[in-house]
Amino acid sequence: MNDTVNIGKCVIRTDLHYLVDSHCWVRFNDDGTLTVGITDVAQNMAGPVLHVYIRKKGMRQKGQNLATIESSKWVGPLKAPVSGEIVEANLALEKDPGLVNRSPYGDGWVMRIKPLKLEEERGALLSGAEAVEAYRRKIEEQSVKACAEVAECEPK
Amino acid sequence: MTEEVEGKKVLVIQTHGIETPRRTYSPLFYAMAAAAMDMDVLVWFTMDGTSQLKKGAAEKIKLEPRSDVTLKTMLERAKEEGVKLRVCQQSMNLFDMTEEDLIPSVEVLGAASIIELALNADLVMYF
């Protein structure tokens, strides 16, 4: 089953949830935690990631910083898609930040959080065709070039 | 990240302008990094730094020959990240600039303001 959609050279996985404006993806895990990362669109816009500065513990409110991601031409936050407690940070990113580029939806995950008020906040997360459409609109508005010009995208 | 940093006040003072493109990029980058970390960031453009904010100036400054990123891109990204851009009134006078000459979302402040901002900042970075 193909659970990816390409928009230009950017890949959107339809089995994930997204906060499109924050370029953030969310995976719902069986244990009730959420895995969070930045999207393929974001890593394409950023270019080769040089540093990922990760918070390793603590409570985060929705919209607060989980990590700060830097490339040579961009620096920005990964914002908490929902409020919750950090239960695991992907420390591999400290040694190999390029994982975010090579595998944004896989080994390049950033954080696992235990949500506090998921039912209240999950409405903002988009998934499936709705997410793809929202991202398509955003890319058309802002980042067509970023997605079109990136020559290589390793398997996600 | 060992201590809570959100809400800290960061003041970046930029005295370099479009005549020295390589000195324009990093201060904005640091400002954006601090904003990404949920800090309250203000960049104060004074002396030659004022020239960055003149309409039509920043788009001509390319930071790397092969990149499509211009100084205008950086200023806009900084604003999108919540960085406040402020300019020194007295320096504007030096460049014969009025408020109409400024790019959008830049506020003009006087010299006393910078003293107060610096006194109240948790971190001041001077370039």
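Q: Which residues does A:V110 touch, and what makes each of them a contact?
A: A:V110 touches A:V36, A:G37, A:I38, A:V52, A:I54, A:L66, A:A67, A:L78, A:N90 and A:L93, not counting residues up to four places away in sequence. Two residues are in contact if their C-beta atoms, placed from the backbone, lie within 7 Å. So each listed residue has its C-beta atom within 7 Å of that of A:V110. This is a predicted model: local features need pLDDT (the predictor's confidence in each residue, from 0 to 100) of at least 70, side-chain atom pairs count only at pLDDT 80 or more, and totals for chains, interfaces and linings use all residues. Residues are numbered from 1 along each chain as its sequence is written, while chains are lettered from A and ligands numbered from 1 in the order in which they are written.

Q: What makes the set that holds A:V110 a nonpolar core?
A: A nonpolar core is a set of buried Ala, Val, Leu, Ile, Met, Phe, Trp, Tyr and Cys residues joined through C-beta atoms within 7 Å. Buried means that 20 or more other C-beta atoms, placed from the backbone, lie within 10 Å of a residue's own; exposed means 12 or fewer, and partly exposed is in between. The largest such set has 73 residues. Those with the most contacts inside it are A:V110, B:A31 and B:V43. Helix α1 (residues 25-36) of chain B gives the most to this core, seven residues. In soluble globular proteins, nonpolar side chains tend to be buried together.

Q: How do you know that B:D38 is buried or exposed?
A: Count its neighbours. B:D38 has 20 other C-beta atoms within 10 Å, so it is buried. B:D38 is found in the loop between α1 and β2 of chain B. Its phi is positive, about 65°, although it is not a glycine. Most residues other than glycine have a negative phi.

Q: Why is B:M47 not called buried?
A: B:M47 has 16 C-beta neighbours inside 10 Å, so it counts as partly exposed. B:M47 is in the loop between β2 and α2 of chain B. It too is not a glycine, yet its phi is positive, about 50°.

Q: What makes B:L119 count as buried or exposed?
A: B:L119 has 9 C-beta neighbours inside 10 Å, so it counts as exposed. B:L119 lies in helix α4 (residues 111-120) of chain B. Helices (H or I, at least four residues) and strands (E, at least two) are DSSP runs, numbered from the N terminus.

Q: How do you know where the buried residues of α2(B) sit around the helix?
A: In helix α2 (residues 71-80) of chain B, the buried residues are B:L71, B:M74, B:L75, B:R77 and B:A78. Seen down the axis, they fall within an arc of 165°, so they line one face of the helix. The arc is that of the directions from the helix axis to the C-beta atoms. These buried residues pack against α1, β2 (40-45) and β3 (84-88) of chain B.

Q: Why are β4 and β5 of chain A called paired strands?
A: Two strands pair if DSSP finds at least two bridges between them. Five bridges join β4 (residues 24-28) to β5 (residues 34-38) of chain A, so the pair qualifies. The two run antiparallel. A:V26 has A:V36 of β5(A) as its bridge partner.

Q: Which strands pair with β11 of chain A, and over how many bridges?
A: β5(A) pairs with β11(A) over three bridges. Strand β10 (residues 84-89) of chain A pairs with β11(A) over five. Both pairings are antiparallel. A:R112 of β11(A) stands opposite A:T35 and is the bridge partner of A:E88.

Q: What makes β7 and β12 of chain A edge strands?
A: The open sheet has seven strands, in the order β7-β10-β11-β5-β4-β3-β12 (chain A), with antiparallel pairing. β7 (59-60) and β12 (126-127) each pair on one side only.

Q: How do you know how confident the predictor is in chain A?
A: The mean pLDDT of chain A is 88, and 90% of its residues reach 70 or more. Among its elements, β5(A) has the highest mean (98) and helix α5 (residues 128-149) the lowest (76). Over residues 149-156 of chain A, pLDDT stays under 50. Where pLDDT is low, the predicted coordinates should not be read in detail.
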